[in-house]
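The following exercises concern the surroundings of a bound ligand and the backbone geometry of a protein chain. Each task is followed by a solution in steps.

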Amino acid sequence: MSKRIQIPRIAVIGLGLIGCSWIKALRVRGCVDEVRGYDRNLDSMQLALSEGLIDSYSEDIGAVVQNADLVIVSVPIMAMRPVLESIRAHIAEHTVITDVGSVKGSVATDVAAVFGKGFPRFVLGHPIAGSERSGVMAADENLYVRHKVIITPEPHTSKEALALVRDAWTAVGADLEHMSVSHHDEVLAATSHLPHLLAYSLVDTLANSHENKEIFNYAAGGFRDFTRIAASSPVMWRDIFGANKDQILKTLDLFSHDLAFLRAAIEQGDSTFVMGVLTRAKSARDHFSKILARRAYVEPMKTASISYIANPGKALSGSFRVPGDKSISHRSIMLGSLANGTTEVTGFLEGEDSLATLQAFRDMGVVIEGPHRGRVTIHGVGLHGLQAPPNALYLGNSGTSMRLLAGLMAGQAFDVEMTGDESLSKRPMGRVADPLALMGAIVDTAEAGRPPIKVKGGSPLKGIHYDLPMASAQVKSCVLLAGLYAEGETSVTEPAPTRDHTERMLRGFGYDVTVEGNKVTLRSGGELTATEIDVPSDISSAAFFMVGASIMPGSDITLEHVGINPTRIGVINILRAMGGNIDVLNEREVGGEPVADIRIRSAQLKGIHIPEDQVPLAIDEFPAIFIAAACAEGETILTGAEELRVKESDRIQAMVDGMVTLGVNAVGTEDGAVIHGFGAEGSFGGGEIDSQHDHRIAMSFAMASLRASAPVVIRDCANVATSFPGFVELASDCGVNLQVESGDE
Ligand code: S3P
């Protein structure tokens with residue numbers, strides 16, 4: 001929020017775009033009483049006066065700064081020292097001076113040289129705004145609105161001086177950020193100075209070539225976009241290149257090094273290398289565009305807060321496909337990356353979780369094309385071809401990425417750190433760190449076994465037999481994936497069947513895996529051979545529509561191409577046991593996974609005691625099943641589901657709290673819940689639901705709204721994008737009445 005301030009007297013030295021825009025912005029907002037101006041050019045001073053930007057000017061710089069409360073020095077970097085020298089004798093005891101230069105180190109040196117080391121009333125600043133236009137007439141009072149201004153205070157900068165400059169920026173709508181002088185110069189060398197240098201250089205090269213007329217005649221989008229900034233002020237940029245020489249040369253050398261590799265790859269026809277550069281750059285640029293769309297650069301990622309306003313809906317109808325299976329999508333990237341050859345994936349889930357896995361492998365040097373409409377091409381590097389990532393792997397909200405990767409990373413020669421968002425940072429990782437330690441891996445977690453996880457590279461692993469203490473496909477997969485790198489045989493027994501996508505897909509890649517009863521075994525020493533993967537629709541995403549259609553009278557929908565792996569169909573079994581009307585049609589096998597179309601018609605459900613053997617088979621679907629239970633006749637009891645308490649949220653608590661808000665008689669127990677259904681005549685009430693940032697809680701209550709008597713407001717739904725991009729559109733198309741409200745957090 002901009003703050004109302006009143007500065008009696010400002011002197012502005014240098015009447016260019018940046019200084020004039022700041023002054024104009026302060027004036028139109030009524031924040032300054034008097035502005036005096038100075039410029040080397042008499043014309044500029046006259047123009048600024050006639051435009052009403054300044055109240056007076058003088059060719060005597062000393063007279064201009066006399067008694068000013070704030071002096072804004074907005075001159076090219078190399079003019080800084082002479083300007084400071086000429087004002088030194090004229091500034092008052094209270095005068096605060098600030099600048100707007102793109103390099104801070106050289107200005108700090110100039111200030112110390114002129115005013116002495118430790119001068120407290122100079123505040124170094126740099127607005128990240130501007131345009132290739134310059135001069136008085138380009139002044140824009142809104143230039144700084146929602147733009148970053150970086151302030152680089154030094155230890156000796158006085159608090160009062162800093163406060164005045166900060167206020168003068170926030171008053172014109174700028175967002176302030178503090179940085180050290182050296183960090184500023186390093187960041188700006190990369191984000192601003194190098195791009196300008198390249199733009200100038202490219203235009204110069206092309207303009208000098210004898211076909212330049214041709215080039216400029218036909219240079220449309222690409223040339224224009226890339227070189228727009230070469231129309232900026234040459235003097236200003238000459239000065240910046242000189243003043244930030246060391247940092248600019250450092251980034252330029254890095255760039256030249258990488259460019260030489262790209263050149264060689266083009267020369268040698270190494271299209272995989274070229275694709276690697278292009279796909280990594282595209283994904284990085286797409287990521288930045290989201291940031292750029294909001295404001296200027298140097299923007300930290302902000303989470304948008306999204307709420308659903310769900311009004312009572314109508315009967316669901318239609319035949320449609322929900323997005324690809326999340327578990328299979330994760331595994332397709334992991335195994336495709338470790339295979340020899342090129343793996344083609346179709347139906348890939350373009351949700352944030354599986355994209356986090358994809359990005360992690362890009363960070364480890366794998367060339368991955370796409371995703372484009374669910375199509376991904378992975379240029380596998382073989383089991384031993386991953387490279388150390390430049391930074392920690394950021395896995396967002398995705399527990400599957402972190403737990404499965406922990407196993408794979410244990411087998412690598414390099415160290416890796418894995419981090420995640422707030423929810424992931426609270427989830428238990430001891431369950432994977434423990435068996436990995438038994439295999440000889442060195443795995444560190446934060447307190448109480450939480451992320452970040454640090455895996456030390458190069459520790460030799462030995463095969464183990466592991467009895468899973470809980471029914472978890474993630475832990476099973478983690479151990480098996482580590483087993484690919486462990487000496488001898490690795491086996492896992494599970495207390496109850498859990499999803500077996502890892503085992504199936506390993507076989508699909510030609511790796512030998514033995515399953516005997518509840519025991520899975522593999523040996524190291526094999527290799528993965530690239531294959532094609534057709535990812536079926538995710539039964540966990542289909543589950544919301546199965547429940548929606550079941551509870552909403554008159555509904556009749558068909559969900560196409562849904563994965564019906566026997567380890568995932570608990571939701572169908574449970575809804576059928578409750579009286580659901582579900583037909584599994586057109587069963588077929590696609591790439592080692594069973595698939596079918598599922599028709600759901602509404603039915604009056606009845607409460608049941610959910611068989612415990614179904615719990616691992618429906619582990620992700622309970623939030624939706626709870627909604628079905630609320631609409632059933634009689635009592636539904638869930639037991640043996642304590643794992644629900646350590647999912648993206650405590651799903652027992654989150655669902656029970658939400659249902660109680662909507663008037664349902666439900667209580668949570670340690671390992672489940674008891675839900676008294678309101679039956680055929682009843683409905684949910686309206687109310688506000690806290691989804692706990694958990695995608696499945698949000699989507700479950702969206703379905704509940706179908707049978708609500710008043711609007712249901714569901715808070716914090718942004719994470720629906722982790723597993724179900726396009727949920728709102730799809731749900732709305734088939735009869736759910738959903739509106740989205742968004743804002744910044
Ligand atoms: C998953 C396994 C399950 C599930 C998760 C995905 C997987 O977790 O809840 O959404 O892809 O292996 P647990 O193995 O922790 O039960």
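**Exercise 1. Location of the ligand**

In which pocket does the ligand sit?

Solution. The coordinates belong to a predicted model. In this model, the ligand occupies the second largest pocket.

**Exercise 2. The shell around the ligand**

Identify the residues around the ligand, classify them, and state which helices contribute to the shell.

Solution.
Step 1. With a cut-off of 4 Å between heavy atoms, the residues around the ligand are Ser 327, Arg 331, Thr 400, Arg 403, Ser 472, Ala 473, Gln 474, Arg 499, Ile 619, Asp 620 and Lys 647.
Step 2. By class, the shell comprises five charged, four polar and two nonpolar residues.
Step 3. At least two residues of the shell come from each of helix 13 (326-338), helix 15 (399-410) and helix 17 (473-483).

**Exercise 3. Polar contacts and burial**

Determine which atoms of Ser 327, Gln 474 and Asp 620 approach oxygen atoms of the ligand, and how much of the ligand the protein buries.

Solution.
Step 1. For Ser 327, a polar atom of the side chain is 2.6 Å from a ligand oxygen atom.
Step 2. For Gln 474, the atom concerned is a backbone N or O, at 2.8 Å from an oxygen atom of the ligand.
Step 3. For Asp 620, an N or O atom of the side chain lies 2.5 Å from an oxygen atom of the ligand.
Step 4. The ligand taken alone exposes 380 Å², of which the protein buries 95%.

**Exercise 4. Domains**

Into which domains is the chain divided, and why does the ligand lie between two of them?

Solution.
Step 1. The division gives domain 1 (7-179), domain 2 (186-269), domain 3 (308-312 + 536-744) and domain 4 (326-532).
Step 2. The ligand lies between domain 3 and domain 4 because both give residues to the shell around it.
Step 3. As a further distance, the C-alpha centres of domain 2 and domain 3 are 54 Å apart.

**Exercise 5. Backbone geometry**

Locate the cis peptide bonds at Pro 371 and Pro 452, and the positive phi values at Asn 586 and Asp 716.

Solution.
Step 1. As a reference, most peptide bonds are trans, and most residues other than glycine have a negative phi.
Step 2. The peptide bond from Gly 370 to Pro 371 is cis, with omega near 5°; Pro 371 belongs to strand 13 (residues 367-372).
Step 3. Pro 451 and Pro 452 are likewise joined by a cis peptide bond, with omega about 0°, and Pro 452 is placed in strand 18 (residues 450-455).
Step 4. Asn 586, a residue other than glycine, has a positive phi near 55° and lies in strand 27 (residues 581-590).
Step 5. Asp 716 is not a glycine, yet has a positive phi of about 60°; Asp 716 is in the loop between strand 33 (712-715) and helix 24 (720-723).

Terms used
Residues numbered from 1 in each chain as written. Predicted model: local features only at pLDDT ≥ 70, side-chain atom pairs only at ≥ 80, totals over all residues. Heavy atoms only, no water. Polar contact = N/O pair within 3.5 Å; in protein donor to acceptor, adjacent residues only side chain to side chain. Areas by Shrake-Rupley, 256 points an atom, 1.4 Å probe, with all protein chains shown as cover. 1 Å grid on protein atoms, 1.4 Å probe; cavity = no way out; pocket = protein on both sides within 12 Å on 5 of 7 lines; lining within 4 Å. Sits in = over half its atoms within 2 Å of the grid points. Helix = DSSP H or I, 4+ residues; strand = E, 2+ residues; numbered from the N terminus. Nonpolar A, V, L, I, M, F, W, Y, C, P; charged D, E, K, R; others polar. Domains from an automatic or database assignment.
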